[in-house]
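This report describes a protein structure with its ligand. It takes up interior positions, the ligand site, a surface patch and the charged pairs in turn.

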Amino acid sequence: MHEVVNEKRTPPKKPFIFYAIIAFVIIMLLNALVFPSLMKQSVVEVGYDQFLEMIDQDQVKEVSYDESTGQFVFVGEEDNNTRIYKTGIWPDDGERLLQQLREHPDIKFEAQIPTQTNPLLSFILTWIFPILFFFLIGELSYRWMQKRMKNQMPGGMGNAMSFGKSGAKIYVADAKTGVTFADVAGQDEAKESLMEVVDFLHEPKKYAAIGAKLPKGVLLVGPPGTGKTLLAKAVAGEASVPFFSISGSEFVEMFVGMGAAKVRDLFKQANEKAPCIVFIDEIDAIGQKRNTGGMGGNDEREQTLNQLLAEMDGFDGQKGVVLLAATNRPESLDPALLRPGRFDRRVPVELPDLQGRKAILMVHAKDIHTDGNIDWDIIARSTAGASGAELANIINESALRAVREGRSCVSQSDVEESVETVIAGAQRKSAVISDHEKKIVAYHEIGHALVAAKQSGSAPVTKITIVPRTSGALGYTMQVDQGERLLMSRKEILNKIATLTGGRSAEELIFGKDNMTTGASNDIEQATKLARALITRYGMTDEFDMVALETVQNQYLGGDASLACAADTASKIDERVVEIIKTAHEKAFKILKENEMKLHELARHLLEKETITGDEFMELLNR
Ligand code: ADP
Ligand code: MG
Ligand code: ZN
């Protein structure tokens, strides 16, 4: 790993209040147990006659009268022990006592009798000691907090010590992140683009000779999990220049101005260390469009963004500071950030294609033990639409599965099973499903498969199963395209909608309209989405022609589309959607009706086997 300066440590767990409570308890104990015995000698109570006797024997030194209790309190000496005494109640013969006291002129009468033996000690104990004690606690906890803040939040709330420190992790040049371009599979265009940046940092002269300027900023955009952060780390590993890495959210601060201060600090450090690379991950956290009128904006974020824009203009491209950023919401970024001179290069990091998926699978498969005859082509084909992160997860799941089953290497079936686990959730072997429901699920799935198989241009069925999944699916039919599909024709979309309605159609055909089940809810959702997109986004109907009726919001985050048309048009679109789905549904029903015998046969077979492969299915179908 690269050496990481100011890495984060886990904070101490006990909060300050914990120590305060301990101090409080100690003080209470001291008060209750130690102080009184130090401060006060126990008072001895004696009878009145003994008091008089002690006066006679010259054992009394001072006497005072406590009016509230009617008792005498006096200091006496017995066997060379000075103690405080109390008499019983004052009897009504004051004359006699006075007489007696007069006979002993050395007794101080009416003197204030001290109840505390040592005034200095008591002063220290009651005043000085607690003050010192609390001062010490305060001092210690302050030091502790200081240390904790330094460790835990560089430049965070510990503003007293590190106001405005950027807190970026700095990967030092000669150490290695351990990640290189070889670890990033599939993203060839992105790699090429970034390699140029790395090359520039290695040999700036080559570029300067021609007068070529390096882009100041490179923005990596793409869906989550496609390897943007990984690519940036690979650049750090290859570049052998200092690499500052910080996440956009780390600039977001509670106090206005702190984020901007961090940006300043980051670029100051970067300028000192140039040539170097600054990487801001998830830049949308600070780079969002500034407020365009309307309600009050977010001052702090805008200030931070303004500071970033200013810094980007400020630094000298020739000096060799390259800003790298990643986001999966490029459409939300402020246009000022994207103009040439700031992030002038935009590198798309898209979901991997067939070749890319195979490459990513194989990169990650290097880390696990396999039995050596896994067909990665098949796996790659069955994972259309999966991101790099999901593929990495699939490999890991398959290794876990092998361990679970006590094998020492991963086999093809492990990987296939984990593809399904990642797509549809783990098998729920414990689920109790009644025979009747199982039968419904079997007909439903065969319904999908049959409709798909009887239409030309549908992707071939590769697997049908009625083993329930933790995702809630009670069964599913897997269709995998032979090659990589980038385009879809109108006919294929309509066929797909028909296939989606096939499950419900089978239920209706076999069990009757009244007995249709909720099992088709997911199919319905998908079919509706497809039908709507066909009209509003793909422009495939005569009625609306090639008019964009919907705009997609977050293209990389699977965002919803929002309608961009009159209410009138919207209701017409709804009508067309219903029409398309109805037609598809009828078509599916008709196909199944024509092949009812096959439907029964296949469903029975599936019920028995629970899982059948595409080949088995085709063989039975064509027999
Ligand atoms: P993001 O684009 O969301 O930043 P990451 O870079 O964090 O995605 O990727 C997450 C993980 O997915 C990586 O650590 C890596 O294991 C895996 N991964 C993603 N894309 C690739 C790829 N192209 N090659 C190899 N592994 C990848
Ligand atoms: Mg990332
Ligand atoms: Zn279904």
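Is Cys-276 buried or exposed? In this predicted model, Cys-276 counts as buried because its relative accessibility is 0%. Cys-276 belongs to strand β9, which covers residues 276-281. Its C-alpha atom is 9.1 Å from that of Lys-319, although 43 residues separate Cys-276 and Lys-319 in sequence.

A second interior position is Ser-505, located in helix α18 (residues 490-511). Ser-505 also has a relative accessibility of 0% and therefore counts as buried. Between Ser-505 and Val-451 the C-alpha distance is 9.6 Å, with these positions 54 residues apart in sequence.

**Ligand site**

Ligand 1 is surrounded by 16 residues, of which Ala-185, Gly-225, Lys-228, Thr-229 and His-364 come nearest. Sorted by class, this shell comprises 7 nonpolar, 7 polar and 2 charged residues. Oxygen atoms of ligand 1 make polar contacts with both side-chain and backbone atoms. An N or O atom in the side chain of Thr-229 lies 2.6 Å from a ligand oxygen. A polar backbone atom of Gly-227 is 3.1 Å from an oxygen atom of ligand 1, and for a polar backbone atom of Ala-389 the distance to a ligand oxygen is 3.4 Å. On its own, ligand 1 has 560 Å² of accessible area, and the protein covers 79% of it. Helices α8 (228-239), α13 (354-365) and α15 (388-404) are the elements that each give two or more residues to the shell.

**Surface patch**

A nonpolar patch on the surface has about 1200 Å² of accessible area in total. Its members include Phe-16, Tyr-19, Phe-24, Val-25, Met-28 and Leu-33. Val-25 lies in helix α1, which runs over residues 16-39. With a relative accessibility of 42%, Val-25 counts as partly exposed.

**Salt bridges**

Side chains of opposite charge can pair when their charged atoms come close. The structure holds 21 salt bridges, and the table lists some of them.

| Pair | N to O distance |
|---|---|
| Glu-405 and Arg-407 | 2.7 Å |
| Glu-417 and Arg-469 | 3.3 Å |
| Arg-576 and Glu-543 | 3.6 Å |

The side chains of Glu-417 and Arg-469 form a salt bridge. Glu-417 is in helix α16 (residues 412-424), while Arg-469 is in the loop between β12 (461-465) and β13 (476-479), so this pair ties together parts that are 52 residues apart in sequence. Both Glu-417 and Arg-469 are buried.

Arg-576 is bridged to Glu-543. Because Arg-576 lies in helix α20 (residues 567-594) and Glu-543 in the loop between α19 (521-536) and β14 (550-552), the pair ties together parts that are 33 residues apart in sequence. The two partners fall into separate accessibility classes: Arg-576, at 18% relative accessibility, counts as buried, whereas Glu-543 is partly exposed, with a relative accessible area of 48%.

The pair of Glu-405 and Arg-407 belongs to a network of salt bridges that links Arg-401, Glu-405, Arg-407 and Asp-414. Glu-405 is partly exposed at a relative accessible area of 45%, and Arg-407 is likewise partly exposed, with a value of 32%.

Terms used
Residues are numbered from 1 along each chain as its sequence is written. Chains are lettered from A and ligands numbered from 1 in the order in which they are written. This is a predicted model: local features need pLDDT of at least 70, side-chain atom pairs count only at pLDDT 80 or more; totals for chains, interfaces and linings use all residues. Side-chain values use heavy atoms; hydrogens and water are left out. A residue is near a molecule or strand if one of its heavy atoms lies within 4 Å of it. A polar contact is a pair of N or O atoms within 3.5 Å; within protein, one must be able to donate a hydrogen and the other to accept it, and residues adjacent in sequence count only if both atoms are side-chain atoms. Accessible areas come from the Shrake-Rupley method with a 1.4 Å probe; for residues, only the protein chains shown count as cover. Helices (H or I, at least four residues) and strands (E, at least two) are DSSP runs, numbered from the N terminus. Ala, Val, Leu, Ile, Met, Phe, Trp, Tyr, Cys and Pro count as nonpolar, Asp, Glu, Lys and Arg as charged, and the others, Gly among them, as polar. Patches are made of residues with over 30% relative accessible area and no salt bridge: like charges are joined within 9 Å, nonpolar side chains (Val, Leu, Ile, Met, Phe, Trp, Tyr) within 5 Å. A salt bridge is a side-chain nitrogen of Lys or Arg within 4 Å of a carboxyl oxygen of Asp or Glu. Buried means under 20% relative accessible area, exposed over 50%, partly exposed in between (1.4 Å probe, protein chains only).
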